[in-house]
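Visitor: Hi, can you walk me through this one? I'm new to reading structures.
Guide: Sure, have a look at it here.

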Amino acid sequence: MEGLLTTYGGHAGAAGFSFPRSALGAVEEFFRSRAPVRSNGSRPELMLDCPLLLALVTPDLTRALNALEPFGNGNERPVFLFNGLFVAESRSIGTNGDHLRMVLRHPEHPMPGSAVAFRWGSRPRPPLGSRVDVAAQIRQDRFRGMLKIDLHVQDLRGAAAPAS
């Protein structure tokens with residue numbers, strides 16, 4: 001494919017390349033013929049690091065997680081499981097409503113958690129008052145000058161039934 005590209009390079013876990021717009025058809029055909037996308041019908045697996053209580057999501061925890069940076073190949077950002085949270089608020093955000101902002105609460109802890117699910121616009125929204133299990137990364141963001149801790153939702157499901 002070298003003859004089609006203007007630049008290329010990368011490392012074992014990534015590759016980058018550029019090509020002129022006029023070569024788009026040839027580049028598409030190259031990938032289509034050599035690396036066809038096949039689905040086995042199963043959903044991708046999400047790896048979770050550990051369960052965590054919403055009450056433990058504090059500035060101290062975000063500082064400790066930030067000490068683990070830089071995140072990337074071989075040092076992925078941790079994904080935590082938050083069980084049995086109630087959906088207190090839910091609304092679309094973003095220019096085209098492509099994202100979902102939620103306020104989540106744990107029944108035994110008064111402090112709510114703020115969560116955002118990027119590119120969630122076309123997925124079903126959990127009903128208000130429903131209980132959910134949430135897989136999320138913890139991120140500390142600055143938005144409009146304010147420091148904020150958000151759960152960046154990777155996936156969610158209806159809460160598993162409590163053990164008897």
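Guide: We'll talk about salt bridges, then about strands.

Visitor: Anything I should know before we start?
Guide: This is a predicted model, where local features need pLDDT of at least 70, side-chain atom pairs count only at pLDDT 80 or more, and totals for chains, interfaces and linings use all residues. Residues are numbered from 1 along each chain as its sequence is written, and side-chain values use heavy atoms, with hydrogens and water left out.

Visitor: Okay. How many salt bridges does the structure hold?
Guide: It holds 6. A salt bridge here is a side-chain nitrogen of Lys or Arg within 4 Å of a carboxyl oxygen of Asp or Glu.

Visitor: Which residue does glutamate 29 form a salt bridge with?
Guide: Arginine 32. The closest N and O atoms are 3.5 Å apart.

Visitor: And where do those two sit in the helix?
Guide: Both are in helix α1 (residues 24-34), 3 residues apart, so about one helical turn separates them. Helices (H or I, at least four residues) and strands (E, at least two) are DSSP runs, numbered from the N terminus.

Visitor: Is arginine 32 buried or exposed?
Guide: Exposed, at 52% relative accessibility. Glutamate 29 is partly exposed, at 43%. The cut-offs: buried is under 20% relative accessible area, exposed is over 50%, and partly exposed is in between (1.4 Å probe, protein chains only).

Visitor: What does aspartate 60 meet in a salt bridge?
Guide: The side chain of arginine 63, at 2.4 Å, N to O. Both lie in helix α2 (residues 59-66), 3 residues apart. Aspartate 60 counts as exposed, at 52%.

Visitor: What about arginine 77, buried or exposed?
Guide: Buried, at 19% relative accessibility. Arginine 77 has a salt bridge with glutamate 69 (3.7 Å, N to O). Glutamate 69 is partly exposed, at 42%.

Visitor: New topic. How many residues of strand β5 are buried?
Guide: 6 of its 8, so the strand, residues 99-106, is mostly covered.

Visitor: Which strands does β5 pair with?
Guide: Strand β4 (residues 80-93) is joined to β5 by 7 bridges, running antiparallel. β5 also runs antiparallel to strand β6 (residues 109-117), with 6 bridges. Strands pair if DSSP finds at least two bridges between them.

Visitor: Which residue stands opposite histidine 99?
Guide: Isoleucine 93. Further on, valine 103 has serine 114 in β6 as its bridge partner.

Visitor: How many residues lie between the strands in each hairpin?
Guide: The hairpin of β4 and β5 has 5. There, glycine 94 takes a positive phi near 95 degrees. The hairpin of β5 and β6 has 2.
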